[in-house]
Amino acid sequence: MNDTSGTLFFQGGVHPPGNKKMSLEASITDAPLLEKYVVVLRQHIGAPPKPLVAKGDKVGKGALLAEAGGFVSAPVHSPTSGTVVGIVDVPGPMGPATPAVEIEADGEDKLESPLKPIDDWRSTDPAELKKRVGDAGIVGMGGAAFPTMVKLSPPPDKKIDALVINAAECEPYLTADHKVMLERPTEVLEGIAILARILGVQKTIVGVENNKPDAIAALAKAAPEGISIQGMRVRYPQGAEKQLIYALTGRKVPAGGLPMDVGCVVQNVGTALAVKEAVVDGKPLFERVTTITGSPIVKPGNWRLRVGTPAAKALELAGGVRGEVAKVIFGGPMMGLAQKSIDVPIMKNTSGILLMAPDEITQFGSDPCIRCGKCVDACPMNLLPSTLSVAVENEKFDIAEDYFVMDCMECGSCAYVCPAHRPLTQHFKRAKAEIAAKRRAAAK
Ligand code: SF4
Ligand code: SF4
């Protein structure tokens, strides 16, 4: 479909209140050095990395703490210089405890990166640049934390001709990418150009929602030839890969398919900045810009936080909280993960910490479906959430599979519009986990 300006847009989706203004005012602030960091080893989708340090080891800022544990994996690096206290279990963002390297800072905070700056990346072999992205531990920073080097390594039979940059930041409340585009447009574009060189593509499109005209202008002013900046309709989930590719290229990723099936690779704008820093500055990924926001936060804003910063310390930076807090979420309200503990450390993909007051959250219940059809209209994947949810409630996972539950991207649009407050997304997450387990068992 097209709007009146000719911009392509996807069917379905929702338009929740943005609530972005509260964290957009101030510039990105560097968090002060802490006495202690706890760096979770498994920061990404794939195999856990193998620790290379032990209790008592001295480490420099940027030193390798753990190496990749396989092809789909990523190393982790020290956020400061200091001494390894040990490998401890900490609350993880997914719920269960997870191993982390605890580091006591020595206050020196001197960068001792194992990576050398690559001065002229424009004439460097793309394979070397790709290796650098892997060695720097870069993962998708927009949410999924998939190792970036793997995404840059499509199989030979998948011809990639377009790099698509996700600068939509369509999740309500989050403004970290917006601020990065405003404050560091040249570096973001350099990272994008490096990604394009690695992939060998001539066509690069950066998609920004039209509610960020200042970011569109900042990027357009600095964009070199070959990178086009395109405004997009404001509608959630505009930043989802399939919806983004359609809006920017008109290509439709088939059901069950991947962007590479239509010749595209998608990367996030924060990831592009990390790529620039890894290649040009020789800096591994050990810090990121994170939005700390929500009505209970005294001073909402965007901070450059080191990976391994306990969330409780990050909240202190934002002036602490006022009033009652009903929910702490890593990420945004639609796709973020509710947290049980504020001891969970910042990860490479922590785009935001959102606090919500009791009157701002939806209490999901077990009311029956009233067959209003609103979820069907809202689903950007053209699924039947009402039918799927009934199948899952009755543990009929084979029926859910037949109705394409594996194509659900867990965007939450259906749950957002459901007048019966049915926990639709939770149902689909459960069904996908059950079906994936069944498929793994069958493969064995
Ligand atoms: S969570 Fe899944 S079923 Fe619901 S709207 Fe999003 S893609 Fe559709
Ligand atoms: S929106 Fe809720 S009540 Fe309406 S059809 Fe979908 S699941 Fe049923």
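## Helices and strands

In what follows, helices are DSSP runs of H or I with at least four residues, strands are runs of E with at least two, and both are numbered from the N terminus. The model described here is predicted, and the report goes through two helices, several single residues and the surroundings of two ligands.

## Helix H6 and the loop before it

H6 covers residues 241–249, and the helix is mostly covered, since seven of its nine residues are buried. The buried residues are Gln243, Leu244, Ile245, Tyr246, Ala247, Leu248 and Thr249. Their packing partners are four strands, namely E9, E10 (203–209), E11 and E12 (264–268). Directly after the helix comes Gly250, a residue with a positive phi near 80°.

On the other side of H6, the loop that runs from strand E11 (227–232) to the helix contains Pro237. The peptide bond between Tyr236 and Pro237 is cis, with an omega of about -5°. For context, most peptide bonds are trans, and most residues other than glycine have a negative phi.

## Helix H1 and its surroundings

H1 spans residues 126–135, and among its residues Leu129, Arg132, Val133 and Gly134 are buried. The cover over these buried residues includes three other helices: H2 (148–151), H4 (185–199) and H7 (269–280). At the N-terminal end, Asp125 acts as a cap, with a side-chain oxygen 3.0 Å from the backbone nitrogen of Ala127. Just beyond the helix, Gly137 adopts a positive phi of about 75°.

Is Glu128, which belongs to H1, buried or exposed? Its relative accessible area is 44%, and Glu128 therefore counts as partly exposed, because that class lies between the limit of 20% for buried and the limit of 50% for exposed. Glu128 and Ile118 stand 10 residues apart along the chain, and their C-alpha atoms are separated by 9.7 Å.

## Two residues with positive phi

Asp109, which is not a glycine, has a positive phi near 55°. This residue sits in the loop between strand E8 (97–105) and H1. With a relative accessibility of 19%, Asp109 is classed as buried, because buried means under 20%.

Glu410 also takes a positive phi, of about 60°, although it is not a glycine. The loop that holds Glu410 connects helix H11 (397–402) with helix H12 (413–417). Why does Glu410 count as partly exposed? The reason is its relative accessibility of 21%, because partly exposed begins where the buried class, under 20%, ends.

## Around the two ligands

Glu410 appears again among the residues around ligand 1, together with Cys379, Pro380, Met381, Pro385, Cys408, Met409, Cys411, Gly412, Ser413, Cys414 and Phe428. Sorted by class, this shell has nine nonpolar residues, two polar ones and one charged one. Two members of the shell, Glu410 and Gly412, are also in contact with Thr425, which touches Ala415 as well when neighbours within four places in sequence are left aside. Thr425 belongs to helix H13 (residues 424–443) and is buried, with a relative accessible area of 10%.

Ligand 2 is surrounded by Cys369, Ile370, Arg371, Cys372, Gly373, Cys375, Ser386, Cys418, Pro419 and Arg422. The shell of ligand 2 divides into six nonpolar, two polar and two charged residues.

## Charges over rings

How many aromatic pairs does the structure hold? The number is zero, yet aromatic rings do take part in arrangements with charged residues. Arg233 is placed over the face of Phe10, 5.2 Å from the ring centre. Lys283 is likewise placed over the face of Phe286, at 5.4 Å from the ring centre.

## Lys158 in its loop

Lys158 is found in the loop that leads from H2 to strand E9 (162–166). Its relative accessibility is 26%, and the residue therefore counts as partly exposed. If residues up to four places away in sequence are not counted, Lys158 touches Met260 and Asp261. By contrast with these contacts, the C-alpha atoms of Lys158 and Met232 are 27 Å apart in space, and the two residues are 74 residues apart in sequence.

Technical notes. Residues are numbered from 1 along each chain as its sequence is written. Chains are lettered from A and ligands numbered from 1 in the order in which they are written. This is a predicted model: local features need pLDDT of at least 70, side-chain atom pairs count only at pLDDT 80 or more; totals for chains, interfaces and linings use all residues. Side-chain values use heavy atoms; hydrogens and water are left out. Buried means under 20% relative accessible area, exposed over 50%, partly exposed in between (1.4 Å probe, protein chains only). Contact means heavy atoms within 4.5 Å. A polar contact is a pair of N or O atoms within 3.5 Å; within protein, one must be able to donate a hydrogen and the other to accept it, and residues adjacent in sequence count only if both atoms are side-chain atoms. A residue is near a molecule or strand if one of its heavy atoms lies within 4 Å of it. Ala, Val, Leu, Ile, Met, Phe, Trp, Tyr, Cys and Pro count as nonpolar, Asp, Glu, Lys and Arg as charged, and the others, Gly among them, as polar. Rings of Phe, Tyr and Trp (its six-membered ring) pair if their centres lie within 6.5 Å; planes under 30 degrees apart count as stacked, over 60 as edge-to-face and the rest as tilted. A charge sits over a ring if NZ of Lys or CZ of Arg is within 6 Å of the ring centre and within 35 degrees of the ring normal.
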